[in-house]
Structure formats: C-alpha cells, structure tokens
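Here is a protein model to question. Each turn asks what a label rests on, and each reply checks it.

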Amino acid sequence: MQREMLIGKLHRGTVTECRLDYEGSLTVDEDLIDAAGMLVHQKIQVLDIMNGARIETYLIPGARGKREIAVNGAAARLFYRGDRVIICAYAMLDETEARAFKPKVVLLDDKNRVVG
C-alpha cells in the first residue's frame with residue numbers, strides 16, 4: 001500500500017509578494033526549499049493562516065538568500081503580502097517507509113528566516 005505523507009513543511013512563512021500577471025505557481029527562496037527537503041517543481045499545498053485559503057500548486061525557485069515567498073498567477077487573488085502561510089510537500093511512501101519517515105519541519109520568523 002502507498003500512503004501520501006508529509007515530507008517537508010515551511011511553517012509560518014510570510015508572503016513577500018503577490019503577482020497576478022505571472023505564470024502560476026509559488027516562488028520560494030531555494031535556501032528555504034532545501035531546508036525543508038523539498039524540490040523545485042514539486043507539488044505543494046499553501047495554507048494561508050490569516051484567511052484560511054488553501055491552494056495546490058508547485059514550487060519554482062527564487063533567488064537564494066532573498067527569503068522570498070511569492071504567490072503567482074490566479075492564486076494571487078487569494079493571498080496578500082504579509083500573510084502568514086504554511087507550505088507543505090508530500091510524497092507517496094510505501095507502508096514501511098511511511099511508518100519510519102520523519103518530515104523536515106522548518107519554522108520561519110516574520111522575515112522568512114529559519115528559527116527552528
């Protein structure tokens with residue numbers, strides 16, 4: 001049996017930009033993507049702590065060290081600059097992997113710096 005499991009999470013990140021006139025997806029600083037064990041182009045969920053909005057999209061790389069989290073395309077209508085978000089990545093794991101796997105959870109401050 002395969003189970004879809006959380007493998008990485010960026011917790012309480014801050015949206016730095018919303019770009020409506022941009023091809024859809026979520027731009028995230030590659031340092032943050034790496035810290036959470038995520039991959040560029042991986043399917044993710046973005047959960048807005050401020051208003052409850054939830055979307056599925058994929059990651060595109062932002063410049064390293066800029067601490068960018070930018071919502072692009074139509075989803076930019078659901079999020080606002082300054083919103084706190086949770087970004088979750090999942091993978092299909094077999095039963096044995098699922099029971100043993102520990103996801104990487106990265107806590108961010110209001111400037112998208114890793115604090116835990």
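Q: What makes β3 and β5 a pair, and in which sense do they run?
A: This is a predicted model. Two strands pair if there are at least two bridges between them. β3 and β5 have 4 bridges, in the parallel sense, so they count as a pair. One contact point is V28, whose bridge partner in β5 is P61.

Q: How do you know that β4 and β5 pair, and in which sense?
A: Count the bridges again. β4 and β5 share 5, in the antiparallel sense. The cut-off is at least two, so the label holds. Within this pairing, V46 stands opposite I55 in β5.

Q: What lies between β4 and β5?
A: A turn does. The two strands form a hairpin with 5 residues between them. G52 sits in that turn and has a positive phi of about 85 degrees.

Q: Which sense do β4 and β7 pair in, and over how many bridges?
A: They pair in the antiparallel sense, over 5 bridges. Here D48 stands opposite V85 in β7. D48 itself is found in strand β4.

Q: Why is D48 called buried?
A: Buried means under 20% relative accessible area. D48 has 3%, so D48 is buried.

Q: Which residues does D48 touch, leaving out those up to four places away in sequence?
A: D48 touches A53, L78, F79, D83, R84 and V85. Take R84: D48 and R84 are 36 residues apart along the chain, yet their C-alpha atoms are separated by 6.1 Å.

Q: How do you know that β1 and β7 pair?
A: They have 11 bridges, in the antiparallel sense. At least two are needed, so they pair. One of the partnerships joins Q2 to D94 in β7.

Q: What makes a set of residues a nonpolar core, and how many residues has the largest one here?
A: The residues must be buried, of the listed kinds such as Val, Leu and Ile, and joined through side-chain atoms within 4.5 Å. The largest such set has 23 residues. L10, L26, V28, M38, V46 and I87 have the most contacts inside it. Elements that give two or more residues include β1, β3, α1 and β4. β7 gives the most, with 3 residues.

Q: What does V46 touch, leaving out residues up to four places away in sequence?
A: Its contacts are L26, A53, R54, I55, T57, F79, V85, I86 and I87.

Q: Why is there no disulfide between C18 and C88?
A: A disulfide needs two cysteine sulfur atoms within 2.5 Å. The sulfur of C88 is 18 Å from the closest cysteine sulfur, in C18, so the two are too far apart for a bond. The structure holds 0 disulfides.

Q: Why is C88 called buried, while C18 is called partly exposed?
A: The cut-offs decide. Under 20% is buried, over 50% is exposed, and in between is partly exposed. C88 is at 6%, so it counts as buried. C18 is at 27%, so it is partly exposed.

Q: What makes R19 a charge over the ring of Y22?
A: The charged atom must be within 6 Å of the ring centre and within 35 degrees of the ring normal. R19 lies over the face of Y22, at 4.8 Å from the ring centre. That distance is within the limit, so it fits the label.

Q: How many aromatic pairs are found in the whole structure?
A: The search finds 0. A pair needs ring centres within 6.5 Å.

Conventions. Residues are numbered from 1 along each chain as its sequence is written. This is a predicted model: local features need pLDDT of at least 70, side-chain atom pairs count only at pLDDT 80 or more; totals for chains, interfaces and linings use all residues. Side-chain values use heavy atoms; hydrogens and water are left out. Buried means under 20% relative accessible area, exposed over 50%, partly exposed in between (1.4 Å probe, protein chains only). Contact means heavy atoms within 4.5 Å. Rings of Phe, Tyr and Trp (its six-membered ring) pair if their centres lie within 6.5 Å; planes under 30 degrees apart count as stacked, over 60 as edge-to-face and the rest as tilted.
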